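Student: Could you take me slowly through one part of this structure, and show me how it sits within the rest of the chain?

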Amino acid sequence: LPIYFVYIGRLHPDKGLDMLINAYVRLKRDTNMSWKLNIIGGGDCLYVEGLKKKVANWGCKDDVVFYGLKSHEEAAVIINRCRVGIVPSTYREAFGLTVLQLIACGCLVIGSDGDGISEVLGGTGLLFKKKSEEDLYSAMLRAVNMDDSTYTEYCKAERERVSIFIPQMLGVNYFSYLKSIVEEDGATTD
């Protein structure tokens, strides 16, 4: 089964798509493998056309698929066929909602560090240094060379981490946090 990479989100320069495509093309050339990069989302037409032109110029137009905007259900079908989700944002993300979506669909996630993306991953998945194409390339190479057992362990750890974001668990965790603060101050909760 070939490894399929997937990006989902807004198609905008701040999302690191140029860097992702560059790293993908390099990986494809260095490994000579048949992995695909799926891109789901919409954005500025000129920017998207520029990305498509870059891919065509590099001779990879059959390997990079631009799906455009999709419903949640349609996106989930595409993501479920993929093995690795990539969140290469180059600006500071407040919360990594896309990370939750990728994990829910069973992907190993590669994400940029230092913000909401790494906070949601919480030590799971693979992080790379924000704005570093070289580091992204290394993380992608690590993912494609990962044996099935290690891949399964990563995905399991991601799912366990994400469980804290289920609404019911958020309430329980928030209550536990407040209780610990009260207990540290020497007060009781009775």
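**A cysteine and its surroundings**

Tutor: In this predicted model, the sulfur of Cys 105 has its closest cysteine sulfur in Cys 107, at a distance of 6.5 Å, which is too far for a bond. A disulfide needs two cysteine sulfur atoms within 2.5 Å, and the sulfur of Cys 82 does not meet this either, because Cys 107, which holds the closest cysteine sulfur to it, is 5.7 Å away, again too far for a bond. By this rule the model has zero disulfides.

Let us turn to the surroundings of these residues. Cys 105 has a relative accessibility of 14% and therefore counts as buried, since the limit for that word is under 20%. Cys 82 is buried as well, with a relative accessible area of 7%. Over the 190 residues of the protein chain, 43% count as buried.

Cys 105 also belongs to a nonpolar core, but to understand that core we should begin with the largest one, which has 38 residues, and in which Phe 5, Ile 110, Leu 136 and Met 140 touch the most other members. Helix 1 gives the most to this core, namely eight residues. If we leave aside residues up to four places away in sequence, Leu 136 touches Met 19, Leu 20, Ala 23, Ile 86, Pro 88, Ile 110 and Phe 128. Cys 105 itself lies in a second, separate core of 19 residues, which also includes Ile 8, Ile 79 and Leu 100.

Helix 1 deserves a further look. Helix 1, residues 17-31, packs with helix 2, residues 45-57, at an angle of about 10 degrees, and their axes are 11 Å apart. Helix 1 is therefore roughly parallel to helix 2, because angles under 35 degrees are counted that way. On the side of helix 1, Leu 17, Asp 18, Ile 21 and Asn 22 take part in the meeting, and on the side of helix 2, Tyr 47, Leu 51, Lys 54 and Val 55. The residues of this contact are five nonpolar, one polar and two charged.

Finally, we can place these parts in the whole chain, which has eight helices and six strands and reads, along its sequence, as β-α-β-α-β-α-β-α-β-α-β-α-α-α. Among the contacts in the protein chain with a separation of 6 or more, 70% come from residues 24 or more positions apart.

How values were computed:
Residues numbered from 1 in each chain as written. Predicted model: local features only at pLDDT ≥ 70, side-chain atom pairs only at ≥ 80, totals over all residues. Heavy atoms only, no water. Buried < 20%, exposed > 50% of the residue type's maximum accessible area, 1.4 Å probe, protein only. Axes fitted to C-alpha atoms, helices over the stretch in contact; angles between N-to-C directions. Helix = DSSP H or I, 4+ residues; strand = E, 2+ residues; numbered from the N terminus. Parallel < 35°, antiparallel > 145°, perpendicular 65-115°, else oblique. Contact = heavy atoms within 4.5 Å. Nonpolar A, V, L, I, M, F, W, Y, C, P; charged D, E, K, R; others polar. Core = buried A, V, L, I, M, F, W, Y, C linked by side-chain atoms within 4.5 Å.
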